[in-house]
Amino acid sequence: MKRITTTAAFLCLCTLIIAQNLQLRGRIVSGKEPVEFANVILQTKDSTFISGGVTDQRGRFSMNNLQKGNYQLQISGLGYETRQVSLQDFTSTLDLGTIAIDSAAIALKEVTITAASVINQSDRKLVFPTAHQLKASTDGLTLLQRLQLNRIQVDPIRQTITSSNQGDVQLRINGAKVEIQEILSLRPEDVIRIEYHDEPSLRYGDNAAAVLDYIVRRHQTGGYIGINTNIPISAIWSNNNVTAKINHKNSEWGITYYGGYRSFNNYWRENSETFNFASQPSFTRVEDGIPDKVKMHWDYLTMTYSYQEAEKWFINVALRGGFRGNKQNTQSTLYPINNPDNSVAMKDYTSSDSKSPSLDIYLQRNLKNNQAIILNAVGTYIRTYDDRTYEEKKHSDIVTDIYSATRGKKYSFIGEGIYEKRFTNSKFSTGIRHQQSLTENKYAGTSSAETQMQEAYTTAYVEFGSKVKKFNYSLGLQGSRSWFNQEGEGYQQYSFLPRLRVGYSFSDHASIRYQGDISRGTPALSDLNNVEQLIDSLQIRRGNPGLKMSTVYNNTLNVDYRKGLFSGSLYLLYQYQHKPNMEETIRENDLFIRTIANQRSWQKLNPEIEVKVGPIKNIISLSVATGINYFDSRGHNYHHTYTNWYYRASAMASYKNWSSFFEIQSHRNNFYGETLQYGENYHILGVNYRYKQLTAGVMVLNPFSDNYKVGSENFSSYAPSKNWMYIKESSRMFAISLSWNFSFGRKYESAEKRLHNEDNNAGTLKSGK
């Protein structure tokens, strides 16, 4: 009897597990033709998102790992009427067969427009591109550009993605953190949706301003090739990307190359520096630059192997190599402002190279009942070479001669483990991460020194989020240990850092969210050494091994509204840093020491409003954003405030196989310590034509300007300065862009890789201006 009871219980458990992993599939047609790129969204009766995607070329869709319940299936597409399908008592795998939807009636003066479907979840936004946006894009980067997400800026010439929030933008594909070259290799047709985390959870680390996770179709057998390149017209520069993957049974091999170079012949800088001495009159000197050369290149190669066993195991091994180089020749005339004839000829030559191979081993084990365990280990070696020659010559006499050569080696290991458990309306996540590094630097030349620094950082977190009707919340706690040692000097600190996020959805069109958290600001490794480097005849840059961690208090408020062609958002950030690692200038024996110390406080207040309209008649979409940055920087010997108003705008247009864009951005400046960094003021114009999988276009940077510059200003009471750097070729810079993406017979599903760790901080003290 006991054996029968045990067997029955086991069978019931198996039935329950099977019932919690159901599948839903079907095919969407209009008349007799399949509907490609139709949005298919499964949600509960109270509009809670469960799953979703777009149909393939045959109109098919499939959703896996569903649970039993009552659902609503929503089907929509460009030029088609939206259809709702009710699924009552969904308890077993279901094939809906062929579902017919009607074409929308389009009159000459009345056009039905379907904008991108955006679903707000408690911890992310689910953005479903429309068929029109997919067809008008060439790769994952241009698709993101056309989606015009709040606070996300896309630069197609520099091939960068940035955020208005502080920190870095993490890029992921099916949960795996990737680099920009892999986003450039994505075919837009393979993108089901983009999950936009505009307030990333503890799962993504402390420095994530935003997370963009591309959820793409999973292929099986066959191969894939993607090529992207820019051909310069008016200057010597290029970005190139080549990716190839091939599958056989459970294995996948891949190789990706990403490289670029810049070579400008009209680079120069202008400086104005004032030195307030203790025992002699103040002295102001001006630097007038002479156009010279700047060159840089970067090459990244990644080779991967992955093995997947059904839905249970996923193993991925990646060998990466990064190579960067930079040469900058600066020539100027340096003279006192009150006596221009008493000038010297200045030369400032810098050269740097770095190599950074790494090995990444990843393991994912999917368990029953929506559970997963993820393990990741990464070993990295960074080798750096930095050289600088600074010379001041009066006639034929050398009055200042400085040479520095820095050779650095860094060894690091990163290990991480995460456990996740998903419920119907909630999620539990916990994990631990440890990073250990050893850095050895040798400084030679006018000043010589050797340093050896050891660093360890361990964090563990637990986080729970849930949704109750229109209210959602998330609670998290992170504990950390930070340790640093350099020849017996350093610090060890333990922290317990809470995080809270609450949100409320007023309707399907409007929502509000607040997030508050406490984090730690870790001193930069390059600032922690005990080395001095000469900048010029009057200035020295000095490290500070006595730096301590700072405490950062973050508060953000998001209000979103979206209805029809119109969408708008209000973003408000307030950040307070206690004892931040900020600069200070010290005067010693008529020399001026530039260093970093734990200062009193730093505050930032940033309200921003963004409004989007479109697409209008399925051709034009517009976006405008404006905001204010207010800074309050308090040191032991200074107090500065600064306010900056900024704006950015973009216009996207497409017709048939043609598409174009225009973007403009004003200076968005940053003030920290005593230095004001001027942001870029630029505009970009581009036109593309797509034929099947080949896209050709023309882009131009700053077509209506001839004075591209970036700069900074220092407000030290001892040695204030102002610096501008000019690159003539960055104005009216034209290029032809070519993109070709091709896949053949791919049917193998790639598992979601949810971790990607890397170390790219060399930890060397720079000696230049």
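What follows is a conversation between a biologist and a modeller about the structure above.

Biologist: Before we start, what kind of model is this?

Modeller: This is a predicted model. Let us begin with a helix and then move to the strands.

Biologist: What makes helix α3 mostly covered?

Modeller: Helix α3 spans residues 140–147, and 8 of its 8 residues are buried. Among them are Gly140, Thr142, Gln145 and Arg146. To be called buried, a residue needs a relative accessible area under 20%.

Biologist: How do you know that aspartate 139 caps the N-terminal end of α3?

Modeller: A side-chain oxygen of aspartate 139 lies 2.9 Å from the backbone nitrogen of leucine 141. The cut-off for a polar contact is 3.5 Å, so a distance of 2.9 Å falls within it. After α3 comes glutamine 148, which has a positive phi near 50°.

Biologist: Now the charged pairs. How many salt bridges does the structure hold?

Modeller: There are 26 salt bridges in the structure.

Biologist: Why is the pair of arginine 648 and glutamate 608 called a salt bridge?

Modeller: Their side chains meet at 2.8 Å, N to O. The limit is 4 Å between a side-chain nitrogen of Lys or Arg and a carboxyl oxygen of Asp or Glu, so this pair qualifies. Arginine 648 lies in strand β40 (residues 639–655) and glutamate 608 in strand β38 (residues 601–616), so the salt bridge ties together parts that are 40 residues apart in sequence.

Biologist: Are arginine 648 and glutamate 608 buried or exposed, and how do you know?

Modeller: Arginine 648 has a relative accessible area of 11%, and glutamate 608 has 2% relative accessibility. The cut-off is under 20%, so both count as buried.

Biologist: Which residue forms a salt bridge with arginine 648 at 3.7 Å?

Modeller: That is glutamate 610, with 3.7 Å between the closest N and O atoms. Glutamate 610 is in strand β38 and arginine 648 in strand β40, 38 residues apart. Glutamate 610 and arginine 648 are both buried. Elsewhere, salt bridges that share partners join Lys125, Arg151, Asp198, Glu199, Arg513 and Asp560 into one network.

Biologist: Why are glutamate 440 and lysine 409 called partly exposed?

Modeller: Glutamate 440 has a relative accessible area of 25%, and lysine 409 has 29%. Partly exposed lies between the 20% and 50% cut-offs, so both residues fit the term. The two form a salt bridge, with their closest N and O atoms 4.0 Å apart. This pair links strand β27 (residues 426–445), which holds glutamate 440, with strand β26 (residues 397–422), which holds lysine 409.

Biologist: On to the rings. How many aromatic pairs does the structure hold?

Modeller: The structure holds 21 aromatic pairs.

Biologist: Why is the pair of tryptophan 268 and tyrosine 726 called stacked?

Modeller: The ring centres are 5.1 Å apart and the planes stand at 5°. Rings pair if their centres lie within 6.5 Å, and planes under 30 degrees apart count as stacked, so both conditions are met. Tryptophan 268 belongs to strand β19 (residues 251–275) and tyrosine 726 to strand β47 (residues 721–727), 458 residues apart. Tyrosine 726 counts as buried, at 14% relative accessibility.

Biologist: What makes phenylalanine 471 and tyrosine 473 a stacked pair?

Modeller: Their planes are at 25° and their centres 6.0 Å apart, so this pair is stacked too. Phenylalanine 471 is partly exposed at 35% relative accessible area, and so is tyrosine 473 at 23%.

Biologist: How do you know that the charged end of arginine 668 sits over the ring of tyrosine 646?

Modeller: The charged end lies 4.3 Å from the ring centre. The distance limit is 6 Å, so 4.3 Å is within it. Lysine 709 likewise has its charged end over a ring, that of tryptophan 724, 4.2 Å from the centre.

Biologist: Last, the strands. What makes β39 and β40 paired strands?

Modeller: Strand β39 (residues 620–634) and β40 share 15 bridges in the antiparallel sense. Pairing needs at least two bridges, so the strands count as paired. A hairpin of 4 residues joins β39 to β40, and arginine 634 has histidine 639 as its bridge partner in β40.

Biologist: Which strand pairs with β40 over 8 bridges?

Modeller: That is strand β41 (residues 658–665), which pairs with β40 in the antiparallel sense. In their hairpin, with 2 residues between the strands, lysine 656 takes a positive phi near 55°.

Conventions: Residues numbered from 1 in each chain as written. Predicted model: local features only at pLDDT ≥ 70, side-chain atom pairs only at ≥ 80, totals over all residues. Heavy atoms only, no water. Buried < 20%, exposed > 50% of the residue type's maximum accessible area, 1.4 Å probe, protein only. Polar contact = N/O pair within 3.5 Å; in protein donor to acceptor, adjacent residues only side chain to side chain. Phe/Tyr/Trp six-rings, centres within 6.5 Å; stacked < 30°, edge-to-face > 60°. Lys NZ or Arg CZ within 6 Å of the ring centre and 35° of its normal.
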